[in-house]
Amino acid sequence: MNMYERMEDEACEDGIDIIDCDFTENIKGLYCDGVIGINKKLDTTEKACVMAEELGHHHTSVGNILDMSIPGNRKQERQARIWGYNRLIGLAKLAEAYENGCRSYHDTAEYLEVTPEYLAECVECYRDKYGDSVTVGDYIIMFIPYLAVFRRI
């Protein structure tokens, strides 16, 4: 079962319906009142990334947040993205990817079943939150100048 299928199962367990939609190029997904619409033109890996964010909206957002000129809406959008990053990637999974031989963005993204762009956005978010690096168990995860994971001895 791939990541998108696992995310679909998670959505169904939460009572969320999923609809494949013919959105314009700009819209990848939307969440509203227990329904997630996913752009059917996306590949499976990108659908998983979009699904994670839309599930994040289900778990963290309240009301109509489409107007990004409102600071509270931007904050809710960021919270949903962070929820998705933590669900699909997370610090522990970055260390796991390293332990499984991943040394590049491409290898790490492939291992985690996310797009390289989504991984890069996640790393940028984690850099904003944790600074240049963070220690997780026996691992040091560096975010500057690029993603690097080291095992402490």
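A disulfide is a covalent bond between the sulfur atoms of two cysteines. In a structure file, a pair of cysteine sulfur atoms within 2.5 Å is counted as a disulfide. The model shown here is a predicted one, and a search of the whole structure finds zero disulfides.

Two of the cysteines show how this result comes about. For Cys-12, the closest cysteine sulfur belongs to Cys-21 and lies 15 Å away, so the gap is too far for a bond. Cys-122 is also in no disulfide, and the nearest cysteine sulfur, that of Cys-125, is 6.4 Å away. The surroundings of these residues can be described as well. Cys-12 has a relative accessibility of 52% and therefore counts as exposed. Cys-122 has a relative accessibility of 1%, so Cys-122 counts as buried.

Now take the chain as a whole. The chain contains six helices and six strands. Read from the N terminus, their order is α-β-β-β-α-α-α-α-α-β-β-β. In other words, one helix is followed by three strands, then five helices, then three strands.

Next comes the overall size. Along its principal axes, the C-alpha trace spans about 50 × 35 × 30 Å. A compact globule of 153 residues would have a radius of gyration near 15 Å; the chain has 16 Å, so the value agrees with that expectation.

How much of the chain is buried? Buried residues make up 41% of the 153 residues. Contacts tell how parts of the chain come together. Taking contacts between residues at least 6 apart in sequence, 43% join residues at least 24 apart.

The outside of the chain can be described by its area and its charges. The accessible surface comes to about 8,700 Å², and 50% of that surface belongs to carbon and sulfur atoms. The chain carries 16 positive and 28 negative charges, and the mean positions of these two groups are 6 Å apart.

A single residue can serve as a last stop. His-57 sits in helix 2, which covers residues 44–60. Is His-57 buried or exposed? Its relative accessible area is 7%, and the cut-off for buried is under 20%, so His-57 is buried. Which residues does His-57 touch, leaving aside those up to four places away in sequence? They are Tyr-31, Ile-65, Gln-76, Glu-77 and Ala-80.

Key
Residues are numbered from 1 along each chain as its sequence is written. This is a predicted model: local features need pLDDT of at least 70, side-chain atom pairs count only at pLDDT 80 or more; totals for chains, interfaces and linings use all residues. Side-chain values use heavy atoms; hydrogens and water are left out. Helices (H or I, at least four residues) and strands (E, at least two) are DSSP runs, numbered from the N terminus. The radius of gyration is taken over C-alpha atoms; the globule rule is 2.2 Å times the number of residues to the power 0.38. Buried means under 20% relative accessible area, exposed over 50%, partly exposed in between (1.4 Å probe, protein chains only). Contact means heavy atoms within 4.5 Å. Accessible areas come from the Shrake-Rupley method with a 1.4 Å probe; for residues, only the protein chains shown count as cover. Lys and Arg count as positive and Asp and Glu as negative; His and the chain ends are not counted. The place of a charge is taken as NZ of Lys, CZ of Arg, CG of Asp or CD of Glu.
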